[in-house]
Protein chains: 2
Amino acid sequence: MTSCYVDHQLGASVVFKCENLQKVGAFKARGATNAVLSLPDELAPRGVVTHSSGNHGAALAYAAARRGIPCVVVMPHDAPGTKVRAVRGYGAEIVPCEREQREQVCRQVVRDRGMTLIHPYENMQVIAGQGTVALELIEQTGPLDLVVAPVGGGGLLAGTTLSVTALSPQTSIWAAEPAVVDDARRSMQKGVRQPGVARPKSWADGLLTGLGRPAFEVMRREQVRVVTVTEPQIVQATWDIIQHTKQVVEPSAATVLAVLRVCAAEIAGLRIGAILSGGNSDFSWLEDPALRKD
Amino acid sequence: MTSCYVDHQLGASVVFKCENLQKVGAFKARGATNAVLSLPDELAPRGVVTHSSGNHGAALAYAAARRGIPCVVVMPHDAPGTKVRAVRGYGAEIVPCEREQREQVCRQVVRDRGMTLIHPYENMQVIAGQGTVALELIEQTGPLDLVVAPVGGGGLLAGTTLSVTALSPQTSIWAAEPAVVDDARRSMQKGVRQPGVARPKSWADGLLTGLGRPAFEVMRREQVRVVTVTEPQIVQATWDIIQHTKQVVEPSAATVLAVLRVCAAEIAGLRIGAILSGGNSDFSWLEDPALRKD
C-alpha cells in the first residue's frame, strides 16, 4: 500500500506492508503458524500453550485450530474481553490466573499435559515465521534502501533483520520503539541487553514487552538502529495512516511512520519499506489530547 | 475484499468493493473524472463548478487538477474544516456563501465566468462514471446473485443499476437507505419521486440528499428494491467492518452490510457484491450509545 500524502510529506517513496490484513489482524499469525506446523508429529497431538494475552495468544489459537491440535492460552483474570473472545473464537481453552503467575501456570500446563510452550518471541520458529513479512515485502517491492519495523519483544524485528540481511544486504534496518519503553535503544547503546521498563504505559500496547534475548543478539550482530518516538508522535501517525491509507492500524504499527517523520531529513529520496504490524485497536487513542485531527 | 467473519455470520459469500481506497477516499472521484474528461476542448479551459460540500466537491477539485482546468466549489460558511482543506488541497477555489444560497451562487458563477456546472448526481457523465464501480466489481468477481449499493442522491445507485443490468441481467440490485431519510423507499413504493426529508440527521452523512430525477427513473425502470436500516444498525455495521476487514469506512458505506443483516434470511447461500462507497470519517459515530464494541 502506498500513499501520495505520505510520500509527498516525506519526500521519499514508502511502501507499507499491511499486516493489519493478516489473519488475526497482525503479523503474529505467521510465527505461530510456523511454530505449530514445525511441531513433530509425535508432539503435536498434545497441543500447544502460551501465556501471551495479546495478539500472539489469538495467533496461536488460530494456528492450532488449523492443524487441529489443542491449544491453551494462560490469561490473567483482568484481560480485556475482546482478547478473551478472540482466543475463544478460535476454539482455544483459556486458563485464567493472576497476572504475576502467568509464566508459572504456563509451565504447570507444560508439565501436567505435555503441551509444547510456544513463546511469543523467544522461539526460533516464531522468529522465522515473522521473517516472512520482510521476505514478501522485498519480493513485492524489489530493492529497498531502508526497512522499518516496530520492536517490542523483538520477534518481528529479528525476523525482519534475518530476512533483509540475507536477501538484500545493502538495505538498512531501523527499529521503531516508543520512548517510554526504550530498553531496545538502551540495550543497543550499551551493548548489553537491558531490562524492560516496569509497568510501562504507551498507546503502542503491542510494544510494552522487554527485548528478548534472541532478538537482541540478532540486532547487535547486524547493528540495527533503534529510533524512539513519543506518545504524541505515535497517536498522530496512527491517525494520519488511518486517514490517508484508509487502513485500520494499531498505534504499535504506526510507530514506523512516526520514526520516518522524526528522521525526515535523513530519508529524502529513499525507497522505504515500512511494516504496519497490526490493526487490532479499540480506538481509545482517539481521545489523546495531543491528537490533531486536521 | 472478503471477510470470513461476515460470510460465516450471513451464511453467504460477500465481496466488498472498496471505494474507500479510491482517490479522494470515495467513489465520487469516478463520476467527477468522467465528467471533467468528457468536457469538449472549447469549454474545458473555462473550468467547472459545483455546490457540493461533501465528497463530490473534493472529487471535482481532484479531477479538474488532473485536466489542469480551473475549479470552483461553492461552500457554505459553516462547512467542516476538513472538507474545506480537502478541496483547497487539490487547488480549487472556494466561494463561500449562505447555506440556503448555494445553488443560486453556483448559477451566478456559471453566468459570470462561463464555467460548466457539474451536478453531483443529476448529470449523466457523473452517473456513467459511478457505474464503473459495478463494472469493475463484476469483472473482478464473475457472476453475482445480488449487488447492494447505498442510495442518497442516487448517482452511485443509478450507475450501478446501469452496469449490472447491462453486464449481468440475472443479478438483483438492492439499494441501502437510512430509515430516517427514506425518500427513495417511498418514491419506489408510490411510483412517483417523493421529496427529500427536511433537515435529516443520520450517521450516514453522505446519504442525506433527496433522490435525483435520473436515478429515480433508472431505479423505477429496473424495479430496484430499497431496504432501509436504522441508525443503531448503521453504526454497528460500521464498527464491524472496521474490526473485521481493517478497512476504514464511513457510515454511509456500512449501510450495505446493515441491509444484508436485516435480510439475512433471504440471502443464505448467495454470492453478493457489496459496494463500500467511501472511507472519509471523523469517527464521531464511535460515540453513539447504541454501539456495542464486543
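Visitor: How many residues of chain B are in contact with chain A, and with how many there?
Guide: 22 residues of chain B are in contact with 22 residues of chain A, contact being heavy atoms within 4.5 Å. This is a predicted model, where local features need pLDDT of at least 70, side-chain atom pairs count only at pLDDT 80 or more, and totals for chains, interfaces and linings use all residues. Residues are numbered from 1 along each chain as its sequence is written, chains are lettered from A in the order in which they are written, and side-chain values use heavy atoms, with hydrogens and water left out.

Visitor: What area do chain B and chain A bury between them?
Guide: About 1,500 Å², 59% of it on carbon and sulfur atoms. Buried area is the accessible area (1.4 Å probe) that two parts lose on being put together, summed over both. B:Lys246, B:Val248 and B:Phe283 supply 35% of what chain B buries there, more than any other three residues.

Visitor: How many salt bridges between chain B and chain A?
Guide: Zero, taking a side-chain nitrogen of Lys or Arg within 4 Å of a carboxyl oxygen of Asp or Glu.

Visitor: Switching to the sheet: what is the strand order in chain B?
Guide: The open sheet has five strands in the order 1-9-6-7-8, with parallel pairing. Strands are DSSP runs of E, at least two residues, numbered from the N terminus, and two of them pair if DSSP finds at least two bridges between them.

Visitor: Which are the edge strands?
Guide: Strand 1 (13–18) and strand 8 (225–229) of chain B, each pairing on one side only.

Visitor: How many bridges join strand 7 to strand 8 of chain B?
Guide: Five. One partner pair is B:Glu177 with B:Thr228 in strand 8 of chain B.

How values were computed. Helix = DSSP H or I, 4+ residues; strand = E, 2+ residues; numbered from the N terminus.
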